[in-house]
Structures are given as C-alpha cells and as structure tokens.
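Work through the exercises below with the sequence and the 3D view open. Try each task before reading its solution.

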Amino acid sequence: MAGYENDKLNIEETTIAEINPYYFRATKRTKKRINIFLPSINPEHVFGGISTAIRFYEEMATRLGYDKRIILVDAKPAPEAISIYEPEYTFVEAKDDCEEAAQILSYSDRKPYGIPVSERDYFIFTGWWTAHCAGAAFTVWEKENGINVNPFIYFIQDYEPGFYPWSSHYLLAEATYKVKRKQIAIFNTKLLQEYFNNNGYHFFKEYAFEPVLNSSLKEVLYSLPESITKKKQILIYGRPSTKRNAFLLIVEALKQWVYLQSGIEEWRIISAGEEHEPIELGKGVMLESLGKLSLAEYGKVLQESYAGISLMASPHPSYPPLEMSVFGVKVITNTFANKDLKNFNDHIVSLEVSNPENIAHTLEAICDDYKPVSEFVIGNKEYCENEDVFGFIADIETVLEEVATESE
Ligand code: TRH
C-alpha cells in the first residue's frame, strides 16, 4: 500500500477486538427459547446497564413461558457469578446440545464448535458488538439452513457510537442501528428513543421504558424515617475509566469549588463507582475513593450525603443522578441534546453549561444552603414504585407471532 511500511505494521492495530466473530451451528429444539448476549455477568461488570437487560430478559422468559439462555461473549463467568446463577441455570459449552430450560453458555473463548441455534430461538442483543457479531453469524446461518431468522430484539440503553471518537468503532456501532433487518428496538428511556428518532434512526418496531429504582435501594429508601439527617458530605459518581461519566470534569470543578466554599474544612468529598487513588483538591481537601460499593453500602452513603455530582455525557440519564435525587441528595447533573432531568424531582440541579466554573458555583450555592435535618418525602413515586416497567412484552409476543405466521 502506498506510503505504508509493512514492517512497521502493528498487528494488534489491524483487528477490532470487539468483532471477533461468532459462529452458529444448527440444532433442533422443541421449545421456544429466549437468548440474551451479554458481555459479562461478573459482579465487577454488572452496573445499571447489564442488570436492567437481565431483568428484561428474565421477565420476557417468564411472561412468554420460553426456555432461556445467557450467552457470555466477553468475560468468563467468575466463581462468584456462577454461585449467583446456580442451581437455576446450567453452565454449558458450545459443543453441548442440551435441553435444559435455563442455560449459561460461556463463548468468550470462541471455541470452534459454534453456538447451537434453532429456528425456535429468539435473540436479545445488548451492546452494539453483540448486535454486530450475532447479525453477521445469522446471515451465514440463514444461508446454510434456508430458514428465516426471527426478528431480533435490540435492547438499546445508550447511543453507543457516542462512546468513541469518529472512528471505525463509531461506524460499526452506528451500522447496527441501520441494518436492513427486522429489529425490535427497546429503548431504556423515552428520552433515548427521542434522541434516536431526532437523529433519523427508526426500527421495525420500537418500545421505550422508564427505569425504576433498584429493589435493594428501594428497601433502604422505604425504611427511612420521616425526617432525615444529612452529613456535610458530597458524593460524586466517580468512574475514571468510563469517559461518559466525565470524571476529570468533576475533579476540575471540585478543585475550583474548594477555593469558593466557606467552611470548606467541614466537608467530606467521596467518590463511588470505581476504585481510584485519593486526589488532592487544594486547601488540604482530598477526594476519597470508596470504590464500587455493594448496593447496601451505596444505599447508606446515599442516605447520609447532602449533595452530589453525577455527570453523563450522553442522552441517557444514567441511574446515579436519579438514585441520588430520590434519597434527597441535591445532585448536579448535565443536560445533553434533548435530555434535561430538571423535572424528575426537586433535588436534581440540571446544568446546561457543564464547565468547572458553573459546576463549582452551583455546588457552592447548594452547600451554602445546607440544613442537617429535613423532612423526607419520596420525590418521583413512579420511579420508585412502578411494578410494570416492561408491560409491552405482551405486544412483542403478538409481533413475533405475526412475523412467524407471515413467513410460513
Ligand atoms: O451500566 P452502567 O455503567 O451504565 C449503563 C450505561 O451508562 C448506559 O449508557 C446506560 O444507558 C445504562 O447504564 C442504563 O450503569 P449506571 O447507569 O452508571 O448505573 C450504575 C449502577 O451501579 C446504579 O444503578 C447503582 C450501582 N452502583 C453500585 O452498585 N455501586 C456503587 O458504588 C455505585 C456508585 C453504583
């Protein structure tokens, strides 16, 4: 290639790890089965996104009475994860043809046997790379077996091209929204669906749901007394390795805030979500990392903290600003395109201008207003109490049946 010195070519840079292909082999099954492709079920990887996808998949299997299978494509299941899923699930290998009603298949090693797939299998994609790889494998499988694939269910929890600069990854992620296949899109939030539609993406069928408070946090929330005591404590959602959570911007803002705040020595600033080194903010104030907390510990911190910062450079709200706000934490978050969370409840402070100056001054105003004890009212009951988040599953079943009848 012109201008390209082959001896300097770095092999690692010529492949895209995420699209290491899948292969499907034909199998026969009597019962219908719902499958979900997931990167991992290991506790350190399971945050809001994966746990919501699992909840949807489990509910779909229960409501429709289908068998179920989780296909793990990135991380091998750790012993801790296995103990959560056994004995309900049987851990199987790609080479096994088995009829167990609930299976977990670890496919991270891409064993050459191929994943057994029958025409009675239905698939849920989660991350864009699962959509890409499964779509490609199905194209081959369809040709080999002369069978039309059932519509795919694409569980979309963010605009994932936005996780990358304009690049190969961006184009690949975006392509999964544009392929000419029957994809049923399920959007995590109406806001996200609007963002897709505003940007010209449309699917065969579309549904959207609003997230609900995690059940462990709900238990803590509903046990709180009528008046709660807040410490002079600021909680930040601190995940340095997840760029969309804008960790550096939060740190820059805190570095300005420590010089604005009167009585700064009385405040404690803690970071939860991912372990990192303590960070010196100035005036001897440190940002302490608590790492990823268990939900019980996180609930306790939410209960005690007076203010919070949780940013999300995406049209999706992300869960922590919502969680902080229902626990009465005055939380600063950012707007993004069509996203503005100001009406979620009174504890959310939604910033149009997300720069360190604005965040620092907003935090100062919040802290100046500190009151140790306040009456506790649950802001946004729908978010805390909605028991029927995925009510549209019945409608999906009808769509799947209609498509099956058409292709007979
Ligand atoms: O899975 P997440 O990292 O986020 C994903 C993506 O951001 C995606 O874009 C978004 O659309 C999708 O979620 C819904 O999770 P998120 O939203 O950042 O939520 C974090 C969850 O982790 C939250 O529900 C509570 C939990 N948590 C802990 O278990 N321990 C902790 O210490 C903290 C701070 C949170």
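**Exercise 1.** What covers the buried residues of helix 5?

Solution. The model is predicted, so local features need pLDDT of at least 70 and side-chain atom pairs count only at pLDDT 80 or more, while totals for chains, interfaces and linings use all residues. Residues are numbered from 1 along each chain as its sequence is written, and side-chain values use heavy atoms, with hydrogens and water left out.

Step 1. Find the helix; helices (H or I, at least four residues) and strands (E, at least two) are DSSP runs, numbered from the N terminus. Helix 5 spans 190-198.

Step 2. List its buried residues, where buried means under 20% relative accessible area, exposed over 50% and partly exposed in between (1.4 Å probe, protein chains only). They are L191, L192, Q193, Y195 and F196.

Step 3. Look at what lies over them. The cover includes strand 8, strand 9 and strand 10 (205-209).

Step 4. Go past the end of the helix. G200 follows helix 5 and has a positive phi, near 85°.

**Exercise 2.** Is Q193 buried or exposed, and which residues is Q193 in contact with beyond its neighbours within four places in sequence?

Solution. Step 1. Q193 belongs to helix 5. Its relative accessible area is 8%, so Q193 is buried.

Step 2. Contact means heavy atoms within 4.5 Å. With neighbours within four places in sequence left aside, Q193 is in contact with F187, E206 and A208.

Step 3. Check for a polar contact (a pair of N or O atoms within 3.5 Å; within protein, one must be able to donate a hydrogen and the other to accept it, and residues adjacent in sequence count only if both atoms are side-chain atoms). The side chains of Q193 and K190 make one, at 3.1 Å.

**Exercise 3.** Which helix gives the most residues to the largest nonpolar core?

Solution. Step 1. A nonpolar core is a set of buried Ala, Val, Leu, Ile, Met, Phe, Trp, Tyr and Cys residues joined through side-chain atoms within 4.5 Å. The largest one has 38 residues, and those with the most contacts inside it include Y22, F138, F196 and F203.

Step 2. Elements that each supply at least two residues include helix 3 (128-145), helix 4 (168-175) and strand 9 (183-188). Helix 3 gives the most, with 8 residues.

Step 3. Take one core residue as an example. Not counting residues up to four places away in sequence, F203 touches Y154, I156, Y177, Q183, A185, F187 and F196.

Step 4. Another core, of 37 residues, lies apart from this one, with M60, A81, A102 and F390 among its members.

**Exercise 4.** How many residues surround the ligand, and which polar atoms lie by its oxygen atoms?

Solution. Step 1. A residue is counted if one of its heavy atoms lies within 4 Å of the ligand. There are 23 such residues, and the closest are G49, Q157, D158, Y237 and E323.

Step 2. A polar side-chain atom of Y237 is 2.7 Å from a ligand oxygen atom. A polar backbone atom of G48 is 3.0 Å from an oxygen atom of the ligand, and a backbone N or O atom of Y319 is 3.0 Å from an oxygen atom of the ligand.

Step 3. Helix 9 gives the most to the shell, with 3 residues.
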